[in-house]
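Here are some short exercises to work through with the model open beside you. Try each task before reading its solution.

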Amino acid sequence: MSDIHIRKAGRTGRITLTRPQALNAMSYEMCLAIDAALKDWADDPGVAMIVFDAEGEKAFCAGGDIAEIYATGTAGDYAYGRKFWHDEYNMNARLFEFPKPVASFLQGFTMGGGVGIGCHGSHRVVGESSQIAMPECGIGLLPDVGGTLLLARAPGRLGEYLGTTGTRMGPADALLAGFADYFVPQAQWPDLIARLEDTGDWTLIDAAAAPAPEGRLATLQPQIDRHFGGERLGDVLRSLNAEPSDFTASTLKAMTRNAPLAMACAIEAVHRLRGPTADIRRALDLEYRFTFRAMEQGDFLEGICAAIIDKDRSPKWRHGLEEVTPAMVSAMLRPLGADALTFDTPQPREDIA
């Protein structure tokens, strides 16, 4: 298909996103194509590793193509969106659990659905232009595609901060937060990828790694940890409002643009997934509880309308910042029963997890 180029090259399975005019936004068809390739290559002795990259300078993948979900959802048909998320989350799990090394080269924007394919591998490479973010709360969704697990594993309270503000991470920030593993200057990427294709030797990435340019999060982390340590969204907001500073002002400005219910659920999800027992399937199951309900009971359709239909960036959220209650959060994240997310592969063996 024209939006994605999947092939075997030398010792690698190669997946290139070829939709730069749309910032390589991932469609449902692209998701299914990636999933099929992962199934084919898992036991293929000719594939030593997988390499993801993308065409264009602006983005690896700036998110999911949500226009069809919006069109069907506004017509009262929630089945398409739920099917999209169900199948996408299965692909995310398969990628996270893939039994061979997976390298991704993340230039420009890697956001939302792009994180689900770019940040679940074993060798995640950023460069000078890299900007990684989970901005879903801005469209009434909580960080998904397994992003809540990455946020829960970030040091300190970076997860709560990144998930509720949608802050973009430069290369050093992505390394600090655990969304990337290596900084390699982008001028070296073509040669490095060619050598990976020839050899299937993922240790070449270790050898090419260099120190990243200085980031922002390390300096901000003491303030982030202090203000985002509360149990609920209201605790965070009270802490930010009680200490006037440039940091609290900019953070509150970012949060006031986002859906309160989504932010409250993002904080709760990060808290539930923090600790050694959480894994990708638990994270995706929790996220699916929210996304399954997001059109009918949440702010997702309003958020999309404001972002891509009206383009006024002025959504009318269902709740004010101080109005979200623990009961509302519990209602969005409670188990789905017969509608729960199912996975089409068995849990991986511990020796290849």
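**Exercise 1. Work out how far apart in sequence the contacting residues of the chain are.**

Solution. Keep in mind that this is a predicted model. Start with the contacts between residues at least 6 apart in sequence; 75% of these join residues at least 24 apart.

**Exercise 2. Describe the overall build of the chain and judge its radius of gyration against the globule rule.**

Solution. Begin with the secondary structure: the chain has 16 helices and nine strands. Next, take the radius of gyration, 19 Å, and set it beside the 20 Å from the globule rule for 353 residues; the two are close, so the chain is as compact as a globular protein of that length. Along the principal axes, the C-alpha atoms fill a box of roughly 55 × 45 × 40 Å. Finally, look at burial: 57% of the 353 residues count as buried.

**Exercise 3. Determine how helix 13 and helix 14 are arranged relative to each other.**

Solution. Two packed helices are described by the angle between their axes and the distance between the axes. Here, helix 13 spans residues 260-273 and helix 14 spans residues 280-297; their axes come within 10 Å and cross at roughly 165 degrees. Angles over 145 degrees count as roughly antiparallel, so helix 13 is roughly antiparallel to helix 14. The crossing of helix 13 with helix 14 is right-handed.

**Exercise 4. Which residues do helix 13 and helix 14 bring into contact?**

Solution. From helix 13 come L261, A262, C265, A269, R272 and L273, and they meet R282, A283, L286, R289, F290 and Q297 of helix 14. Sorted by class, this contact has eight nonpolar, one polar and three charged residues.

Technical notes
Residues numbered from 1 in each chain as written. Predicted model: local features only at pLDDT ≥ 70, side-chain atom pairs only at ≥ 80, totals over all residues. Heavy atoms only, no water. Axes fitted to C-alpha atoms, helices over the stretch in contact; angles between N-to-C directions. Helix = DSSP H or I, 4+ residues; strand = E, 2+ residues; numbered from the N terminus. Parallel < 35°, antiparallel > 145°, perpendicular 65-115°, else oblique. Left-handed = near helix turned anticlockwise from the far one by under 90°. Contact = heavy atoms within 4.5 Å. Nonpolar A, V, L, I, M, F, W, Y, C, P; charged D, E, K, R; others polar. Rg over C-alpha atoms; globule rule 2.2 N^0.38 Å. Buried < 20%, exposed > 50% of the residue type's maximum accessible area, 1.4 Å probe, protein only.
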